[in-house]
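Student: I am new to this structure. Could you take one part and go through it closely with me? Please explain how that part sits against the rest.

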Amino acid sequence: MTREELNELASNKIGAKLQVLLREDMDKYVNWGISSDTVKDMIESHKREVKVWSYIFQLIEQDNK
């Protein structure tokens, strides 16, 4: 596998992960009987995950240039 092929596969994989993360509806957890503090923590954790995966995606895209 060439470096270009690897970069393309990595970019596609990260893009798919980001799409899933961005589609998740964190409000659905409110109805599970979870405390509001726990839901807030889950939302903040989710936001951090999106930032980290976005950063990884940016690094891969920069490497592709």
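Tutor: What follows is a close look at helix α1 and at what covers its buried side.

Some background comes before the details. The model is a predicted one. The protein chain has 65 residues, and 17% of them count as buried. Its secondary structure comes to 2 helices and 0 strands. The accessible surface of the chain is about 5300 Å², and carbon and sulfur atoms make up 54% of that.

Now for α1 itself. This helix runs over residues 3-23. It has 21 residues. From its first C-alpha to its last it reaches 30 Å, close to the 30 Å expected at 1.5 Å a residue.

Which residues of α1 are buried? They are Asn7, Ser11, Ile14, Leu18 and Leu21. These residues cover an arc of only 90° around the axis, so they lie on the same side of α1. The numbering fits a general rule. An α-helix has 3.6 residues a turn, so residues three or four places apart point the same way.

The face turned away from that buried side has another set of residues. There α1 carries the exposed residues Glu8, Lys13 and Arg23.

What covers the buried residues of α1? The cover includes α2, which spans residues 36-64. That helix has 29 residues. It reaches 42 Å from first C-alpha to last, close to the 42 Å expected at 1.5 Å a residue. The buried residues of α2 are Val39, His46, Val50 and Ile60. They pack against α1. Contacts across the whole chain can be viewed by sequence separation too. Of the contacts with a separation of 6 or more, 73% are between residues 24 or more positions apart.

Walk along α1 now, beginning with asparagine 7. This residue is found in helix α1. Asparagine 7 counts as buried because its relative accessible area is 13%, and the cut-off for buried is under 20%. Leave aside its neighbours within four places in sequence. Asparagine 7 is then in contact with Ile60, Asp63 and Asn64. Ile60 is one of the buried residues of α2.

Go on to leucine 21, also placed in helix α1. At 6% relative accessibility, leucine 21 counts as buried. Setting aside residues up to four places away in sequence, leucine 21 touches His46, Glu49, Val50 and Trp53. Take valine 50 from that list. Leucine 21 and valine 50 are 29 residues apart in sequence, yet their C-alpha atoms are 6.4 Å apart in space. His46 and Val50 are both among the buried residues of α2.

Now look back from the other helix. Tryptophan 53 has its place in α2. Is tryptophan 53 buried or partly exposed? It is partly exposed, because its relative accessible area is 24%, and buried would require under 20%. Not counting residues up to four places away in sequence, tryptophan 53 touches Ile14, Lys17, Leu18 and Leu21. Ile14, Leu18 and Leu21 are among the buried residues of α1. Tryptophan 53 and leucine 21 are 32 residues apart in sequence. Their C-alpha atoms are 9.1 Å apart.

Next, look beyond each end of α1. Methionine 1 is in the segment before the helix. At 72% relative accessibility, methionine 1 counts as exposed. Together with Leu6 and Leu9, Met1 forms a nonpolar patch on the surface. The accessible area of these residues together is about 350 Å².

Glutamate 24 lies in the loop between α1 and α2. At 32% relative accessibility, glutamate 24 counts as partly exposed. Glutamate 24 is 22 residues from histidine 46 in sequence, and the two are 9.1 Å apart in space, C-alpha to C-alpha.

One last feature belongs to the partner helix. Side chains of opposite charge can pair when their charged atoms come close. How many salt bridges does a search of the whole structure find? It finds 1. Lysine 47 forms a salt bridge with glutamate 44, with the closest N and O atoms 3.7 Å apart. Both residues lie in helix α2, 3 residues apart, about one turn of the helix. Lysine 47 is partly exposed, at a relative accessible area of 45%. Glutamate 44 is partly exposed too, at 40%.

To sum up, the buried residues of α1 lie on the same side of the helix, and α2 is part of their cover.

Note on methods: Residues numbered from 1 in each chain as written. Predicted model: local features only at pLDDT ≥ 70, side-chain atom pairs only at ≥ 80, totals over all residues. Heavy atoms only, no water. Patch = residues over 30% accessible without salt bridge, like charges linked within 9 Å, V, L, I, M, F, W, Y side chains within 5 Å. Areas by Shrake-Rupley, 256 points an atom, 1.4 Å probe, with all protein chains shown as cover. Salt bridge = Lys/Arg side-chain N within 4 Å of Asp/Glu carboxyl O. Helix = DSSP H or I, 4+ residues; strand = E, 2+ residues; numbered from the N terminus. Buried < 20%, exposed > 50% of the residue type's maximum accessible area, 1.4 Å probe, protein only. Contact = heavy atoms within 4.5 Å. Expected span 1.5 Å × (residues − 1). Arc of directions from axis to C-beta.
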